[in-house]
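Here are a few exercises to work through with the model open beside you. Try each task yourself before reading its solution.

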Amino acid sequence: MNVALINTVKESFINKFQTEPMLIFSPGRINIIGEHTDYNDGFVFPAAVNKGIIAAIQKSDSNTSKAFAVDKQEVVEFNLNNLKPMAQGSWQNYILGVIAEIQNRSKTIGNFNIAFGGDIPGGAGMSSSAALENSVVYGLNELFKLDLSKHDMILISQKAEHNYVGVKCGIMDQYASMFGIENHALLLDCRTVTSTPFEINFKDHELILINTNVKHSLSDSAYNDRRSVCESISEMLKVKALRDATEFDLQGIKDKITPENYQKALFVIQENNRAVRASQAMKADDLETLGKLIYASHDGLQNQYKVSCEELDFLVEQARLNGHVLGARMMGGGFGGCTINLVAKNEAESFKASASKAYKEKFNKDCSIYAVELSNGTHVIN
Ligand code: GLA
């Protein structure tokens with residue numbers, strides 16, 4: 001865990017609010033495979049990582065509450081009885097949204113102060129937003145003894161994202177961040193919201209993230225658009241979600257939908273299958289197959305679902321050119337953020353160096369490379 005970050009957040013809280021806080025770590029996540037399948041009731045394969053949000057939180061006897069974003073050095077003061085969303089894109093909405101959703105469940109909280117900081121850059125596709133939402137709901141649950149289960153809490157975080165942030169996200173990010181298990185990835189069934197843990201030990205291979213350091217605008221509306229396409233096609237197919245459809249079913253309505261939407265739905269059906277097949281490949285220690293599925297996932301995200309971008313495609317292309325990268329793909333919602341790469345350990349350094357150099361030459365900006373450890377989900381730090 002990032003001790004420097006913990007100390008910074010704790011000291012910032014004490015300086016501002018003159019009292020000892022409770023400290024919470026809430027992780028970001030990676031996703032091995034299964035992208036844009038979560039809101040189709042399908043399978044995803046995420047893991048919580050050792051980077052995320054540190055929150056310091058404590059009750060307050062003042063008649064307002066305050067949230068302090070340590071990285072931005074910005075404070076917001078609010079009245080618990082009069083919450084409404086702020087401008088789109090403001091960090092405050094993650095916090096206000098969680099409180100509003102707790103109140104919607106007829107749970108009562110008192111005034112409090114919170115300070116938070118993180119070590120995942122926003123827009124990296126590693127769910128810093130779910131990490132923040134989870135840290136808030138987890139902290140409030142502890143402070144005010146709300147008796148919420150972890151399942152309740154992730155649904156509150158998700159609803160905050162829907163109603164205050166404006167992104168109709170699935171449940172993957174909040175689940176992975178809350179339920180993560182050290183050294184494990186979770187094969188999550190997003191219909192039942194239950195998961196099977198897989199111990200991750202790729203032996204002579206490892207996962208590396210490369211952040212494009214870009215986040216293209218309009219990604220939120222593009223995300224919501226994709227979701228509504230999936231929902232309308234499920235309706236036409238008379239299934240609850242695309243998870244219940246086969247390629248054959250889809251073929252049956254091909255002439256009733258646009259070729260673009262056909263490809264999108266086809267991607268979801270195929271990606272859902274890939275997530276399941278990836279878990280089987282992992283059980284069989286078959287990294288070659290896992291890698292091929294990861295590359296195929298990128299192809300689909302790029303060409304069928306159309307949520308990639310030039311920078312992500314370029315980094316995946318660099319991986320393909322290198323015989324020691326078994327698989328690479330964009331990760332998360334898309335339009336920027338990170339690629340995830342399955343790389344031979346003894347070739348990792350040279351891949352990192354050559355990909356960084358090529359990226360700089362092509363885009364005249366730096367990419368960032370992260371090694372991650374798989375971590376436990378949201379918890380109080382002693
Ligand atoms: C974002 C959303 C998730 C999921 C991914 C794409 O991270 O928050 O719910 O849909 O995109 O797989």
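**Exercise 1. Find how much area is buried between domain 1 and domain 2, and what share carbon and sulfur atoms give.**

Step 1. Set the bounds: domain 1 covers 3-198 and domain 2 covers 201-371, as given by an automatic or database domain assignment. Residues are numbered from 1 along each chain as its sequence is written. This is a predicted model, where local features need pLDDT of at least 70 and side-chain atom pairs count only at pLDDT 80 or more, while totals for chains, interfaces and linings use all residues; side-chain values use heavy atoms, with hydrogens and water left out.

Step 2. Take the buried area, about 3200 Å², with 62% from carbon and sulfur atoms. Buried area is the accessible area (1.4 Å probe) that two parts lose on being put together, summed over both.

Step 3. Add the contacts (heavy atoms within 4.5 Å): 32 residues of domain 1 touch 45 residues of domain 2. The C-alpha centres of the two domains are 25 Å apart.

**Exercise 2. Count the salt bridges across this interface and in the whole structure.**

Step 1. Apply the rule: a side-chain nitrogen of Lys or Arg lies within 4 Å of a carboxyl oxygen of Asp or Glu.

Step 2. Between domain 1 and domain 2 this gives four salt bridges, and a search of the whole structure gives 15.

Step 3. Look at examples. D41 pairs with K240 at 3.4 Å, N to O, and K10 pairs with E20 at 3.9 Å, N to O. K10 belongs to helix 1 (residues 3-17) and E20 to the loop between helix 1 and strand 1 (22-31), so this pair ties together parts 10 residues apart in sequence. Helices (H or I, at least four residues) and strands (E, at least two) are DSSP runs, numbered from the N terminus.

**Exercise 3. Describe how helix 6 and helix 8 cross.**

Step 1. Read the geometry: the axes of helix 6 (residues 219-237) and helix 8 (residues 259-283) come within 10 Å and cross at roughly 85°. Axes are lines fitted to C-alpha atoms, for helices over the stretch in contact, and angles run from 0 to 180 degrees between N-to-C directions.

Step 2. Name the arrangement: helix 6 is therefore roughly perpendicular to helix 8, a label for angles of 65 to 115 degrees.

Step 3. List the residues: R226, V229, C230 and I233 of helix 6 meet N261, K264, A265 and V268 of helix 8.

Definitions and conventions:
Angles under 35 degrees count as roughly parallel, over 145 as roughly antiparallel, 65 to 115 as roughly perpendicular and the rest as oblique.
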